[in-house]
Structure formats: C-alpha cells, structure tokens
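I opened a new model today and kept notes as I went. The entries follow the order in which I looked things up.

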Amino acid sequence: MFPHLSGLQIQTVRAVGAMVRIDASTDNVATPCPECVRLSNRVHSRYQRQLSDAAVAGREVLMRLRVRRLVCDNSDCRRRTFAKSVPGLAERHARRTTVLQNVLCAVALALRRAVPVPG
Ligand SMILES: [Zn+2]
C-alpha cells in the first residue's frame, strides 16, 4: 500500500483530527558507509525528521521519522558518522516525501497548462 515506506519500521499509524500521523524509524539492518562502504550497525545517535506525505483518503499525512546516525569503524575512512538513509523516501533535508513532491509538481504543471498566462 505504501511502497515508499518499505525501508522503514512503522510503529503507529493513527488519525489525529483531520490528519493521519505515522511514527516510523529507519530499520536496524547494517548499513554501508557512503564513503568506504564498510557495513556498520553501531549507533552514534538518533534524530527526528518530520515529513509530509501524500494524502490518504483526503487526509493530510504527517510522518515523524526517527533516523539512526551510525559510526564508521574504518580508521582509514575520513567519515566518522553517517545517517541511515531510505532510498526513494525523501531528498536530504527535504520536508516532503518524494511521492508528495511528485504529486505537487504534477498539480503545478496541470494548473500551468489549464490557466493561460496573460500577455
Ligand atoms: Zn567509512
């Protein structure tokens, strides 16, 4: 139902007023360092991201995502820590999921075609 969330562990999905709130975290699978590709599962810290997602049944969807920051144990690697990413979920520092971003772009393009620009 939500293929873009398949790399996550979903804790809760609940309706809060007119909104759907999803609490999720990145999975506990060992992850390759983006610099040296050595696998790591050693947690340095965790932080929370908030992402808007595409609406479900007309309800706004807000996801609270807990992300693991991992330690690279390779002494030859210049990267000490890195965040566990979820491919296809959202761009770095984005406030919307890629799915929602694509929906908004499609709406904007449709509106641009439907409403002629004066001049
Ligand atoms: Zn590394």
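These notes cover the metal site, some strand pairings and the main pocket.

**Entry 1: status of the model.** I am working from a predicted model. I read every value below as computed from that predicted model.

**Entry 2: the zinc site.** Which residues coordinate the zinc ion? I found Cys-33, Cys-36, Cys-72 and Cys-77, each through its SG atom. The distances run from 2.2 to 2.4 Å. I then checked the angles among the 4 donor atoms and got 99 to 116°. That makes the site tetrahedral. For reference, ideal tetrahedral angles at a metal are 109.5 degrees. Along the chain, the donors of the zinc ion are spaced as C-x2-C-x35-C-x4-C.

**Entry 3: accessibility of two donors.** Is Cys-33 buried or exposed? Its relative accessibility is 1%, and the cut-off for buried is under 20%, so I noted Cys-33 as buried. Cys-36 comes out at 22%. That value is not under 20%, so Cys-36 counts as partly exposed.

**Entry 4: strand 1 and strand 2.** I traced strand 1, residues 8–16, against strand 2. The two pair in the antiparallel sense, over 8 bridges. As one register point, I wrote down Leu-8 opposite Thr-26 of strand 2. What joins strand 1 to strand 2? They form a hairpin, with 2 residues between them. Gly-17 sits in that turn and has a positive phi of about 65°.

**Entry 5: strand 2 and strand 6.** Next I followed strand 2 to its pairing with strand 6. Here the strands run parallel, joined by 7 bridges. Ala-24 stands opposite Leu-65 of strand 6. How many residues of strand 2 are buried? I have 7 of the 8 in residues 19–26, so strand 2 is largely enclosed by the rest of the structure.

**Entry 6: the largest pocket.** I put the volume of the largest pocket at about 500 Å³. Its lining has 20 residues. Nearest the centre lie Tyr-47, Ala-83, Lys-84, Ser-85 and Arg-92. Which elements give two or more residues to the lining? They are strand 3 (31–32), strand 5 (43–56), strand 6 (59–71) and strand 7 (81–83). Strand 6 gives the most, with 3 residues. Strand 6 thus appears twice in my notes: it contributes to this lining and pairs with strand 2. By class, I logged the lining as 10 nonpolar, 4 polar and 6 charged residues.

Key. Residues numbered from 1 in each chain as written. Predicted model: local features only at pLDDT ≥ 70, side-chain atom pairs only at ≥ 80, totals over all residues. Heavy atoms only, no water. 1 Å grid on protein atoms, 1.4 Å probe; cavity = no way out; pocket = protein on both sides within 12 Å on 5 of 7 lines; lining within 4 Å. Points joined across faces, edges and corners; volume = space filled by probe spheres on them. Helix = DSSP H or I, 4+ residues; strand = E, 2+ residues; numbered from the N terminus. Nonpolar A, V, L, I, M, F, W, Y, C, P; charged D, E, K, R; others polar. Donors = N, O, S within 2.8 Å, 3.2 Å for Na, K, Ca; no water. Tetrahedral: all angles 85-135°; square planar, octahedral: opposite > 155°, others 65-115°. Buried < 20%, exposed > 50% of the residue type's maximum accessible area, 1.4 Å probe, protein only. Pairing = 2+ DSSP bridges.
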